[in-house]
Amino acid sequence: CPIDGCWLAKLKFGNRVYWKIRKFLPFTPKELEDTLPSHATKREDLIALKKGDIELSQSEKKRLEEKQRNDRKLRKEYGPSTEAH
């Protein structure tokens, strides 16, 4: 049977529609309560940005990037060797 549709609209097998997005709108995603501390929704820069505090958001982003650069440097310096044995 022919399959037709688009993830933005509907899914149709033959003449039967199995899924239609308008039927499920409005959809509001909910944040999971038990997410890891490293989850993107818990990033301090994004929280500040959401609150409209651009300066704090920028400084938190810079702090996070510096931490990531330092972590990468430490992994390169003290991590396992990549040389072939």
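**View A. Phe13 is partly exposed, with a relative accessible area of 32%.** The term covers values between the limits for buried (under 20%) and exposed (over 50%), found with a 1.4 Å probe and protein chains only. The model is predicted: local features need pLDDT of at least 70 and side-chain atom pairs count only at pLDDT 80 or more, while totals for chains, interfaces and linings use all residues. Residues are numbered from 1 along each chain as its sequence is written, and side-chain values use heavy atoms, with hydrogens and water left out. Phe13 belongs to strand 2, which covers residues 10-13; strands (E, at least two residues) and helices (H or I, at least four) are DSSP runs numbered from the N terminus. Although Phe13 and Pro2 are 11 residues apart along the chain, their C-alpha atoms are separated by 5.9 Å. Beyond its neighbours within four places in sequence, Phe13 is in contact (heavy atoms within 4.5 Å) with Cys1, Pro2, Ile3 and Tyr18.

**View B. Val17 is placed in strand 3, residues 16-20.** With a relative accessibility of 41%, Val17 counts as partly exposed. When residues up to four places away in sequence are not counted, Val17 touches Lys10, Leu11 and Lys12. A further pair to locate in this view is Val17 and Gly5: 12 residues apart along the chain, they have C-alpha atoms separated by 9.0 Å.

**View C. Cys1 and Cys6 are shown here with their exposure.** Cys1 counts as exposed, at 77% relative accessibility. Cys6, by contrast, is partly exposed, and its relative accessible area is 36%. A disulfide is a covalent bond between the sulfur atoms of two cysteines. Here it is counted wherever two cysteine sulfur atoms lie within 2.5 Å, and by this rule the count comes to 0 disulfides.

**View D. Glu60, in helix 3, is buried.** Its relative accessible area is 18%. Apart from neighbours within four places in sequence, Glu60 is in contact with Glu44 and Asp45. Glu60, Glu44 and Asp45 are also among the residues that line the largest pocket, which is the subject of the next view.

**View E. The largest pocket is lined by residues that include Lys42, Arg43, Arg63, Leu64, Lys67, Gln68 and Asp71.** A pocket is an open set of points on a 1 Å grid over the protein atoms alone, where a 1.4 Å probe fits and protein lies on both sides within 12 Å along at least five of seven lines; lining residues have an atom within 4 Å of a point. Helix 2 (44-50) and helix 3 (54-78) each supply at least two residues of this lining. Helix 3 gives the most, with 6 residues.

**View F. The whole protein contains 3 helices and 3 strands.** Followed from the N terminus, the elements run β-β-β-α-α-α. Strands 2 and 3, seen in the earlier views, hold Phe13 and Val17 respectively, and helix 3 holds Glu60. Of the 85 residues in the protein, 6% are buried; Glu60 is one of the buried residues. Among contacts between residues at least 6 apart in sequence, 0% join residues at least 24 apart.
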